[in-house]
Amino acid sequence: MTFVLVEDDELDMEVFRRALRKHEIEQEMRFARDGNEAIRLLRDEFVDGSRSDYIVFLDLNMTGMNGHEFLEEIRSDPDLKSAVVFILTTSEHERDLRLAYAKNVAGYFTKSNIDYLMQAIKPYVSGVALPPVAPEDKKRTDTK
Amino acid sequence: MERNTDNTVDFHEINIMIQTSKGSSLKRRLHIGTGLLVAICLLSNVIGWIGQEVLLSNFRSMESADQIATSVLQINQGALQLKARSENYAQTGAESQFTAAEELQSNLIHEIDVVRGTVDTDDPLHGMLDQMHDLIAAFGDQLELASAERNVRTDLLQNKLLAQEAEVDASLAAFEDALGDNDEASRALLMAVSGYATARQRMLRYFIQPSSELYEQMLDNLTQARGEIRRIELAENNDSQRTAKQRVQSALKDFQSLGVRAIQATRGYMFYVNVVMAGQISEFVHYSNEIKSLVDRRRESNRVDRQWAVTQGRMLAIASAVLAVLIAAVLAFRLTKVIFGPISSLTKTFLRLAEGETIDSIPAVDRNDEIGRMARAAEVFSRKNQQTEELLERSQTLSDELSQKATMLEESNQELDNFAYVASHDLKSPLRGLRCLAEWVQEDCEGLLSDESQKHLEQMQGRVNKMESLLDDLLSYSRVGRTEQHVEKVNVEELVRSVIDLMDLSSGIKVDMQCDVAEIETYKTPLQQVLLNLIANAIKYNDKGADGRVLVTCSPNGGMVEFSIIDNGIGVAPRFHERIFQMYQRASSLAVEGSGMGLAIVKKQVEVVGGEIRLESTEGQGSTFQFTWPSRVTTKARSASVPTSA
């Protein structure tokens with residue numbers, strides 16, 4: 001299981017890291033500084049590597065491609081549309097909530113509640129079953 | 001000011017117009033119209049009166065003509081009677097007839113005089129009557145003369161001629177006696193006697209049936225008789241015989257001359273009667289008939305005149321009636337055209353003016369009468385309307401500007417709110433970073449830092465916390481009314497109770513409530529926050545320890561619920577009453593926690609839903625916060641656009 005954190009603030013990356021450490025969650029980590037980078041990363045590492053064991057933690061307010069744009073992009077991408085995404089942001093705005101859940105995010109947490117996220121994710125990662133990579137999906141990505 | 005002066009000028013103008021334009025006013029026209037109608041009535045009456053007068057005079061002249069006609073008829077009858085009597089007299093020579101004729105004649109003259117007196121001298125009838133009068137008078141004279149002739153003849157016939165006849169007879173007898181037995185002489189005497197007798201006979205016959213032949217024969221007979229007498233041979237010297245002969249001769253001669261005279265008298269009388277009188281009679285009868293027919297013609301023409309007068313009167317009456325109707329119709333038409341047409345169009349104009357229209361072409365403005373004045377008044381109205389319109393436009397512009405300003409103000413408030421929101425929100429993330437960093441330093445360097453640095457680190461964390469709470473309050477202040485709320489049914493008593501239950505009453509303070517409001521429909525969260533804030537404040541500023549008391553009351557007041565939070569705490573000096581509701585303002589010098597935003601948030605929350613909040617308090621004697629909250633919130637969305645920011 002690999003955690004992909006999409007976050008442009010180094011401090012928040014550190015917060016995430018320390019939170020994992022604090023809650024004794026040891027998982028492989030990948031970092032992306034905006035949506036574009038995250039999509040590239042996902043394609044390179046997981047689609048091409050035929051892996052689906054990853055969870056995306058997504059900040060919404062980023063320079064470059066923001067969280068909503070990223071969601072829009074992956075949900076219309078056949079290879080990435082079933083990706084599990086948690087939102088981790090400072091925004092408590094209703095609109096952000098509504099838009100995020102409209103793109104089938106797995107959960108929405110504010111950064112001040114990062115501890116709750118960690119508490120939830122710890123048993124989650126050990127028990128969750130994730131969709132297998134579809135062979136046609138694979139084929140298509142291969143031809144690409 | 002400029003408008004005002006304009007108005008004054010307008011009315012002044014109008015006054016002047018109304019006062020000066022007294023030319024041919026409508027009133028005058030109406031008066032003229034009515035006067036004309038009255039004049040027509042009078043004229044009709046006059047025409048009728050004249051007609052009656054004409055008829056009356058006609059009747060009068062008719063009456064007098066009738067009288068004259070009656071008199072003329074009498075005269076005519078008298079004339080005819082006179083004629084009959086005269087002719088009778090002429091034939092019979094009866095004295096009674098003559099007397100009657102004379103009487104008739106004098107009566108006739110009298111009647112003619114009477115009638116002539118009633119007839120104008122210019123009248124041809126007068127002349128005819130004059131002539132008639134003359135004729136009758138002349139006829140009377142002739143009658144006298146005829147009578148005289150007749151008397152002469154009668155005297156001759158009945159006295160002288162008879163006496164002469166007796167003389168002749170006596171002389172003849174004497175001559176016969178004287179002659180004696182002279183046969184020849186006797187025979188001649190017989191012849192003479194026979195001639196005389198025949199002459200006598202013929203004379204008598206002449207008197208009965210005058211004829212010149214008889215007269216001639218009678219003269220011949222007499223001449224023959226006288227010749228016989230003359231031829232008688234007398235005895236010589238017989239004086240008696242001679243004397244007798246001479247006597248016979250002179251007797252016969254006298255008889256002859258008497259007879260001739262009598263016949264001449266008869267002839268004269270006959271001449272009078274048959275020629276003169278008959279001519280006169282036929283003349284006066286002719287005149288009389290002329291007069292009669294003249295009078296008859298007059299009566300006829302009178303009748304025709306009267307008929308004509310009646311017809312004329314009728315025609316005049318009809319003509320005047322028709323004229324009156326025509327003039328009345330023309331007047332009515334004129335009045336309609338002059339008054340009612342313009343008035344009705346003006347009425348329409350006024351109706352349009354009443355609806356606030358401005359009319360450029362007001363009818364009948366140019367007229368110089370009441371209607372013109374009315375139209376000019378309408379013009380004033382139109383001008384007023386225009387002014388009102390302009391004013392309305394101006395006020396519309398002003399109100400547009402105002403609403404624009406209000407919108408701008410709202411926008412700028414909104415911007416301010418947004419600014420507060422964004423600022424507080426954006427300030428929070430570096431602050432959170434600071435806090436994290438301080439925590440990490442503390443975690444990572446525990447035991448490595450000096451006590452002083454450790455203390456500084458803690459102080460830094462304290463300040464960060466302080467700043468976070470300031471920013472949180474600012475955020476919640478700016479969020480008031482921005483977040484979408486939903487209306488729900490709220491049991492006020494339960495809500496207050498639940499808020500009190502949340503309070504920390506460890507100081508021994510007592511909180512009571514009196515609530516007689518059941519359920520309201522409103523946003524629950526802001527109300528809860530307000531109550532929380534105010535009750536917490538009341539507890540926070542308690543300086544009496546266990547004797548502290550807080551009373552929460554709520555009661556319905558119109559469409560609102562009135563909440564009061566009464567405490568016996570430190571109170572607020574009046575000079576702070578306004579200030580404590582402002583941001584970051586605190587009245588108390590007590591060292592209590594808080595950002596100083598609480599009451600500002602409360603005030604904003606109360607006012608956003610349409611309530612009011614006020615404070616009654618004096619320093620040291622507790623405070624009463626009183627606010628109203630609508631018992632039914634209309635879902636007028638007070639949600640403002642919230643900037644998207646993470």
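## Reading contacts, crossings and a disulfide

Guide: F31(A) makes contact with L5(A), M13(A), R17(A), E37(A) and L41(A), leaving aside residues up to four places away in sequence. Please keep in mind throughout that this is a predicted model.

Visitor: Where does F31(A) lie, and is F31(A) buried, exposed or partly exposed?

Guide: F31(A) lies in strand β2 of chain A, which covers residues 28–32, and with a relative accessible area of 26% F31(A) is partly exposed. Sequence distance and spatial distance can be read side by side here, since F31(A) and E7(A) are 24 residues apart in sequence and 7.4 Å apart in space, C-alpha to C-alpha.

Visitor: Which residues does S288(B) touch, not counting residues up to four places away in sequence?

Guide: S288(B), whose place is in helix α7 of chain B (residues 239–354), touches I75(B), N76(B), A79(B) and M132(B). The relative accessibility of S288(B) is 1%, so S288(B) counts as buried.

Visitor: How should I read a disulfide, and how many are there over all chains?

Guide: A disulfide is a covalent bond between the sulfur atoms of two cysteines. Over all chains the count comes to one disulfide, which joins C515(B) to C554(B) with an S to S distance of 2.0 Å. C515(B) lies in strand β2 of chain B (residues 510–515) and C554(B) in strand β4 of chain B (residues 549–557), so the pair ties together parts that are 39 residues apart in sequence. The link of C515(B) and C554(B) is left-handed, with -140° about the S-S bond, and both C515(B) and C554(B) are buried.

Visitor: Why does C445(B) have no such bond?

Guide: The closest cysteine sulfur, in C436(B), is 15 Å from the sulfur of C445(B), which is too far for a bond. C445(B) counts as partly exposed because its relative accessibility is 24%.

Visitor: Turning to helix pairs, at what angle do the axes of α1(A) and α8(B) cross?

Guide: The axes of helix α1 of chain A (residues 10–22) and helix α8 of chain B (residues 370–444) come within 10 Å and cross at roughly 45°, which makes α1(A) oblique to α8(B). The crossing of these two helices, α1(A) and α8(B), is left-handed. On the α1(A) side, L11(A), D12(A), E14(A), V15(A) and R18(A) take part, and they meet R432(B), G433(B), C436(B), L437(B), W440(B), E443(B) and D444(B) in α8(B). Sorted by class, this contact of α1(A) with α8(B) has five nonpolar, one polar and six charged residues.

Visitor: How do α2(B) and α3(B) pack?

Guide: Helix α2 of chain B (residues 26–92) and helix α3 of chain B (residues 95–118) pack at an angle of about 160°, with their axes 9 Å apart; α2(B) and α3(B) are therefore roughly antiparallel to each other. In passing α3(B), α2(B) makes a left-handed crossing, and by class their contact has 12 nonpolar, 10 polar and two charged residues.

Visitor: What is the phi of E24(A), and what is the phi of S50(A)?

Guide: Most residues other than glycine have a negative phi. E24(A), a residue other than glycine, has a positive phi near 55°, and S50(A), although not a glycine, has a positive phi of about 50°. E24(A) is placed in the loop between α1 and β2 of chain A and, at 62% relative accessibility, counts as exposed. S50(A) is found in the loop between α2 (35–47) and β3 (54–58) of chain A, and S50(A) is partly exposed, with a relative accessible area of 29%.

Methods: Residues are numbered from 1 along each chain as its sequence is written. Chains are lettered from A and ligands numbered from 1 in the order in which they are written. This is a predicted model: local features need pLDDT of at least 70, side-chain atom pairs count only at pLDDT 80 or more; totals for chains, interfaces and linings use all residues. Side-chain values use heavy atoms; hydrogens and water are left out. Axes are lines fitted to C-alpha atoms, for helices over the stretch in contact, and angles run from 0 to 180 degrees between N-to-C directions. Helices (H or I, at least four residues) and strands (E, at least two) are DSSP runs, numbered from the N terminus. Angles under 35 degrees count as roughly parallel, over 145 as roughly antiparallel, 65 to 115 as roughly perpendicular and the rest as oblique. A crossing is left-handed if the near helix is turned anticlockwise from the far one by less than a right angle, and right-handed if clockwise. Contact means heavy atoms within 4.5 Å. Ala, Val, Leu, Ile, Met, Phe, Trp, Tyr, Cys and Pro count as nonpolar, Asp, Glu, Lys and Arg as charged, and the others, Gly among them, as polar. A disulfide is a pair of cysteine sulfur atoms within 2.5 Å. Buried means under 20% relative accessible area, exposed over 50%, partly exposed in between (1.4 Å probe, protein chains only).
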